[in-house]
Amino acid sequence: MKKNFNVIIRAVFTVAIIYFIFNVVRVIYDVNQVEKEAEEISKELETVEERVSKLKYRYELPVDESYLEKIARENGYYFPDETIFYNNFAK
């Protein structure tokens, strides 16, 4: 009877250790996944912050004639009597 009890205790203990090891491995895997996601989000945040700083710079520029011309040219507008030349060799 005592021998059967020891076998049962050992079996329960073994199962508990296997369960514990399985959970530790799962938690380590989850932590690694979260770290990868955090790194990706950090890179994306850097990109967005760069874009925000560029937009803030453009927003803070004074609005004068040359600035309006620059924005118009970036959006495909030009003067009616102007001739546009394209240079494809710069690439």
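Colleague: What share of the 91 residues of the chain counts as buried?
Modeller: This is a predicted model, in which local features need pLDDT of at least 70 and side-chain atom pairs count only at pLDDT 80 or more, while totals for chains, interfaces and linings use all residues. Residues are numbered from 1 along each chain as its sequence is written, and side-chain values use heavy atoms, with hydrogens and water left out. Buried means under 20% relative accessible area, exposed over 50%, and partly exposed in between, with a 1.4 Å probe and protein chains only. Of the 91 residues, the buried share is 3%.

Colleague: What is the radius of gyration of the chain?
Modeller: The secondary structure comes to 2 helices and 0 strands (DSSP runs numbered from the N terminus: helices are H or I of at least four residues, strands E of at least two). The globule rule, 2.2 Å times the number of residues to the power 0.38, goes with a radius taken over C-alpha atoms. For 91 residues the rule gives 12 Å, and the chain is well over that, so it is more spread out than a compact globule, with a radius of gyration of 33 Å.

Colleague: What does the C-alpha trace span along its principal axes?
Modeller: One pair illustrates the distances within the chain: Ile21 and Arg51, 30 residues apart along the chain, have C-alpha atoms separated by 45 Å. Along the principal axes, the C-alpha trace of the whole chain spans about 105 × 35 × 20 Å.

Colleague: How much accessible area does the nonpolar patch on the surface have together?
Modeller: Patches take residues with over 30% relative accessible area and no salt bridge, joining like charges within 9 Å and nonpolar side chains (Val, Leu, Ile, Met, Phe, Trp, Tyr) within 5 Å. Phe13, in helix 1 (residues 2-60), is exposed at 55% relative accessible area, whereas Ile21, also in helix 1, is partly exposed at 47%. By the Shrake-Rupley method with a 1.4 Å probe, where only the protein chains shown count as cover for residues, Phe13, Ile17, Phe20, Ile21, Val24, Val25 and Ile28 together have about 680 Å².

Colleague: How many salt bridges does a search of the whole structure find?
Modeller: Side chains of opposite charge can pair when their charged atoms come close. A salt bridge is a side-chain nitrogen of Lys or Arg within 4 Å of a carboxyl oxygen of Asp or Glu. Among the pairs is Arg73 with Glu82, at 2.7 Å from N to O; Arg73 is partly exposed at 40%, and Glu82 is partly exposed at 24%. The search finds 3.

Colleague: Which residue forms a salt bridge with Lys43?
Modeller: Lys43 is exposed, at 51% relative accessibility. The partner is 4 residues away in helix 1, about one helical turn. The closest N and O atoms are 3.7 Å apart, and the partner is Glu39.

Colleague: Which residue forms a salt bridge with Arg58?
Modeller: Arg58 is partly exposed, with a relative accessible area of 33%. The closest N and O atoms of the pair are 3.1 Å apart. Arg58 lies in helix 1 and the partner in helix 2 (residues 65-74), so the pair ties together parts that are 16 residues apart in sequence. That partner, partly exposed at 48%, is Glu74.
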